[in-house]
Amino acid sequence: MMPYSVNRSPRYTKSMPEDKNDLQKRLEEIDRQSQDQELAKTYKLSQKNIVIAAILSFFFPIGGYIYTGRWKAFWILFGVLFGIIMLGSVNERDEEKIDNLATFCGVVAAIVAPIDNSIAIQSAREKINQMK
């Protein structure tokens with residue numbers, strides 16, 4: 001039986017920083033890249049038209065979130081409204097009441113989404129203006 005050998009060629013080893021300064025530089029670069037990505041996202045949002053976002057959000061709430069690219073905010077709103085509908089319909093057998101609850105949630109979305117997207121765009125503009 002042959003003894004088990006481990007290939008220790010350089011291509012199989014992970015590159016490790018040579019010293020703590022090198023590691024610190026790499027971490028700072030990663031942090032800088034993250035900040036640059038966040039700034040680019042904020043700048044892109046600040047360039048959106050508030051009126052278009054509000055109109056899209058009012059008639060088709062997901063449309064405003066698609067326009068602004070704010071998926072996390074959309075999923076939060078959707079989750080809350082979906083949860084309200086599910087909790088409200090757990091013990092309810094009357095379909096009319098469930099439909100009324102769903103309609104109410106649709107109206108809430110038509111009110112909340114335009115306000116949310118408009119505030120996000122305005123906040124992004126203010127953040128960009130503060131940096132100038």
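1. A residue counts as exposed when its relative accessible area is over 50%, and tryptophan 75, at 52% relative accessibility, therefore falls in that class. The model is a predicted one, and the points below concern its aromatic side chains.

2. Across the whole structure, a search finds 7 aromatic pairs. One of them joins tryptophan 71 to phenylalanine 74 in an edge-to-face arrangement, with 6.1 Å from centre to centre and 90 degrees between the planes. These two residues are 3 apart in helix 4 (residues 71-89), so that about one helical turn separates them.

3. The partners in that pair may be set beside each other in terms of accessibility: tryptophan 71 is partly exposed, with a relative accessible area of 40%, whereas phenylalanine 74 is buried, its relative accessible area being 11%.

4. The rings of tryptophan 75 and phenylalanine 78 also form a pair, which is edge-to-face because their planes stand at 85 degrees, while their centres lie 5.6 Å apart. Both residues belong to helix 4, where they are 3 residues apart, or about one turn of the helix. Tryptophan 75 is exposed, but phenylalanine 78, with a relative accessible area of 41%, is partly exposed.

5. The residues named so far are part of a cluster, in which ring pairs link Tyr65, Trp71, Phe74, Trp75, Phe78 and Phe82.

6. A contact of another kind involves tyrosine 67, since lysine 48 lies over the face of this ring, at 5.0 Å from the ring centre, and the cut-off for a charge over a ring is within 6 Å of that centre.

Methods
Residues numbered from 1 in each chain as written. Predicted model: local features only at pLDDT ≥ 70, side-chain atom pairs only at ≥ 80, totals over all residues. Heavy atoms only, no water. Phe/Tyr/Trp six-rings, centres within 6.5 Å; stacked < 30°, edge-to-face > 60°. Helix = DSSP H or I, 4+ residues; strand = E, 2+ residues; numbered from the N terminus. Buried < 20%, exposed > 50% of the residue type's maximum accessible area, 1.4 Å probe, protein only. Lys NZ or Arg CZ within 6 Å of the ring centre and 35° of its normal.
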